[in-house]
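Here are some exercises to work through with the viewer open. Try each task before you read its solution.

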Number of protein chains: 2
Amino acid sequence: MVRGIGFKTRTNVDEAINSLISKIKPLETEAVNIYQCYGRVLAEDIKSPIDVPPFDRAAMDGFAVRAEDTFGASLMNPMLLRVIGAVEIGEKPSITVGEGEAVKIVTGAPLPNGADAVLMLEHVNLKGEFVEVLKSVTPFKNVSRKGEDIKKGEIILKKGEIIQPQDVGVIASLGYDEVKVFKRPKVAVISTGNELIEVGAPLEYGRIYNSNNPMIFAALIENGFEPISLGIAKDDEEEIEKMLVKALKFDAVIFTGGTSVGERDLVPKVVEKYGEIIFHGVSMKPGMPTGAAVIDGKPILMLPGSPAAALLSFYTFAVPALYGLMSIRLIARKWSRVRGIVQSRIPSEIGIRTNARVLWDDGKVYPIRTSGSGILSSLVRANALLVIPEWKEGYEEGEEVEVTLLRNITEVLA
Amino acid sequence: MVRGIGFKTRTNVDEAINSLISKIKPLETEAVNIYQCYGRVLAEDIKSPIDVPPFDRAAMDGFAVRAEDTFGASLMNPMLLRVIGAVEIGEKPSITVGEGEAVKIVTGAPLPNGADAVLMLEHVNLKGEFVEVLKSVTPFKNVSRKGEDIKKGEIILKKGEIIQPQDVGVIASLGYDEVKVFKRPKVAVISTGNELIEVGAPLEYGRIYNSNNPMIFAALIENGFEPISLGIAKDDEEEIEKMLVKALKFDAVIFTGGTSVGERDLVPKVVEKYGEIIFHGVSMKPGMPTGAAVIDGKPILMLPGSPAAALLSFYTFAVPALYGLMSIRLIARKWSRVRGIVQSRIPSEIGIRTNARVLWDDGKVYPIRTSGSGILSSLVRANALLVIPEWKEGYEEGEEVEVTLLRNITEVLA
């Protein structure tokens, strides 16, 4: 076979990816600190050991009261309650609210015993040691109830999610200081070609700089993998083989160059000695000479030497293979904008830019309940953001909108 | 003022961002190695010191010839050329092609003196020391010409770009082993609130875990900044001030909590002693209590304590401010999918998935010339990818398509 004559068969892109993924052995897992887990792939479901919030707490600054003591109160008929003290934030209240009594409280402070609602400051007048109640409240008004955000025992994040900042927030709010994730794939990168010289050296006639190693190195970092550059191998079977053996200490190997069907395309020939070629030659342009193999469950990617083709093949074939090492498939990328139909009215106030958290599911957009901005789980239950501009008064059911994905959408491999 | 009563004025979101950015002093620059520059912000234009490719080279495997020697050749009228040797890849050819002669050549090898075209293997028959030419070639057929991809002296990347893998490839192909970038902003993160305890500790009644520090820490990493967590400050002026002074050793400060208008919201009061409050209270939900100040040209972000509000405010206000430290504004994120109208026909072959590199400019989609997959600059001249599926035969002028942005679109601040 000679380069230029081309491949006898070309594997369809999706088939090539699927057959490669099916032969990959997932990596082991490890525990990492909460400050180090961003971008890692969850290897366990996150189940809440506590209720969030862990106690009934004030959702407004005001006075903790017994709701029934305010029934009938109005501007025309204010009612008086005696202020018997204050609850400090971050402390267990020692005070109990009795009939006709009120306790000063700030947002986030635990509701004292006896109280079941909070009067907002706007709806009272202070009169010495009394407050005048100008509006009645119902039980649990202006109270964030224990477990309202996340219930004890609830699974709030599933295995296979790529950990986002909002996930870190939720995991931390449950008190976890570490989390179980898949090991980060260590990927060896090798360029092949007699014509290559390393950057920084003077350019000799007939040579070109090795741009593929630094480029693929960067693309691996971008996608959350750990690159190791092994440098350049000459177009020589023995040298390629020595390099491959060195590279097999890592979790995956990416070759660029030497993967076509010319006399100097020796990479597939060497790789074949150690494992199974899954495909070689794909129906994609650029990128046709791409090949892949599996050696002891490790993916070996053979990307074209032409840099543009190498990078596009990297995204098309290497990224899915490397995610396969963590048992997931990437369906859609964070920050993608997708369209969908609003499934029930999403209100907003004119003049205020509203960040509506929504669940996007295959073209349908569902609002996520957010009773107060304190609801952290809303950013995890939602997977997309619908920004309602200042001049728009919400979206009606049936309207088409564009939302921004707040996370990579992944699927766990069977 | 008391929490719950609300802000007297609320600044419009875009105005708030613009007035903050206008007061920020950009960071200094530094040189970083080509393997370490991914995601950094270019602080210089990248001008090519060489032609790419640096010499005329074969774009196909075959025979280097003088085109005129093939004129008139056809299947019915084959012409004979004498093979006088071969050119090795990566070496300066010592051979010269004379009249009636041909030299064996592989893709990427330099064209020998005298030759001006390459005959493809498909169009010749080997006959001992001769080749039979079955098809004529014109001058420079199957030749990648010197400077065809990038011309010496050309500016190929501009100051203010966030360096992507394809940029790393282009910079390396020019031989640079380092590049000048803005220093990476070091950002101090502080949570405030008496109710907060650190993750890992047992939960006391009335307390909640500090989820904002790890969450904002992760969001800073996600966006390419360097986080330093300073932990928790109590709702106490002196403690907040001590923390602020410590934080001012870094390039920017992010507070969460204590930023509203209640009795315990002490952060703006402390910050005001050291610098200028640019805004406090914005017309955005959630996130209304967001504030920002500038101290000695450093942005100080005061985000709400509620985690969901804190994160959304981070993306809305902190990210633009921190990019401001590197003199850029982020217009659209990589991997965003945007729509546009094809401005001239983009061909593809049925049965082959084609990655067309396009320039997306405000709703218009222009194909980028890619003569061969070797054209690395195409991935830099283009800013988006149009994937043409296997079953589609290209796109016509005027068709609406969806493309995926291949880079963050940025704008250099004046």
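The exercises below go from domains to the chain contact and then to single elements.

This is a predicted model, in which local features need pLDDT of at least 70, side-chain atom pairs count only at pLDDT 80 or more, and totals for chains, interfaces and linings use all residues. Residues are numbered from 1 along each chain as its sequence is written, while chains are lettered from A and ligands numbered from 1 in the order in which they are written.

**Exercise 1. Find the domains of chain A and place the UniProt annotation.**

Step 1: Start with the assignment, whose bounds come from an automatic or database source. It gives domain 1 (13–18 + 185–327), domain 2 (31–52 + 151–182), domain 3 (57–144) and domain 4 (337–412).

Step 2: Take the centres over C-alpha atoms; those of domain 3 and domain 4 of chain A are 34 Å apart.

Step 3: Turn to the unreviewed UniProt entry, which annotates residues 188–324 of chain A as "domain: MoaB/Mog". UniProt positions are given in the numbering used here, feature names are shortened, and annotations may be inferred rather than shown by experiment. The span is 34% helix and 29% strand, and its end C-alpha atoms lie 16 Å apart.

**Exercise 2. Describe how chain A meets chain B.**

Step 1: Count residues in contact (C-beta atoms, placed from the backbone, within 7 Å). Chain A brings 84 residues and chain B brings 85 residues.

Step 2: Look for the main contributor, using helices (H or I, at least four residues) and strands (E, at least two) as DSSP runs numbered from the N terminus. Helix 3 of chain A gives the most to the side that touches chain B, with seven residues.

Step 3: Check for strand pairing, which requires that DSSP finds at least two bridges between the strands. Strand 19 of chain A and strand 24 (residues 353–361) of chain B run parallel and are joined by two bridges. K285(A) has T354(B) as its bridge partner in strand 24 of chain B.

Step 4: Superpose the copies by least squares on the C-alpha atoms of residues with pLDDT of at least 70 in both. A turn of 180° and a shift of 0.0 Å along the axis lay chain A on chain B with an RMSD of 0.1 Å. That is the relation of a two-fold axis. Of the residues of chain A, S336(A) comes closest to the rotation axis, at 2.2 Å (C-alpha).

Step 5: Compare the two sides. The copies meet through the same surface, because 100% of the interface residues of chain A are also interface residues in chain B.

**Exercise 3. Decide how enclosed strand 20 and helix 2 of chain A are.**

Step 1: Set the scale: a residue is buried if 20 or more other C-beta atoms lie within 10 Å of its own, exposed if 12 or fewer, and partly exposed in between, with C-beta atoms placed from the backbone.

Step 2: Apply it to strand 20 (residues 291–295) of chain A; four of its five residues are buried, so the strand is largely enclosed by the rest of the structure.

Step 3: Find the neighbours of strand 20 of chain A. Strand 18 (residues 276–280) runs antiparallel to it over four bridges, and strand 21 (residues 298–303) pairs with it in the antiparallel sense over five bridges. In the hairpin of strands 20 and 21 of chain A, D296(A) takes a positive phi near 50°.

Step 4: Repeat for helix 2 of chain A, where nine of the nine residues are buried, so this helix is largely enclosed too. After helix 2 of chain A comes G175(A), with a positive phi near 95°.

Definitions and conventions
Contact = placed C-beta atoms within 7 Å.
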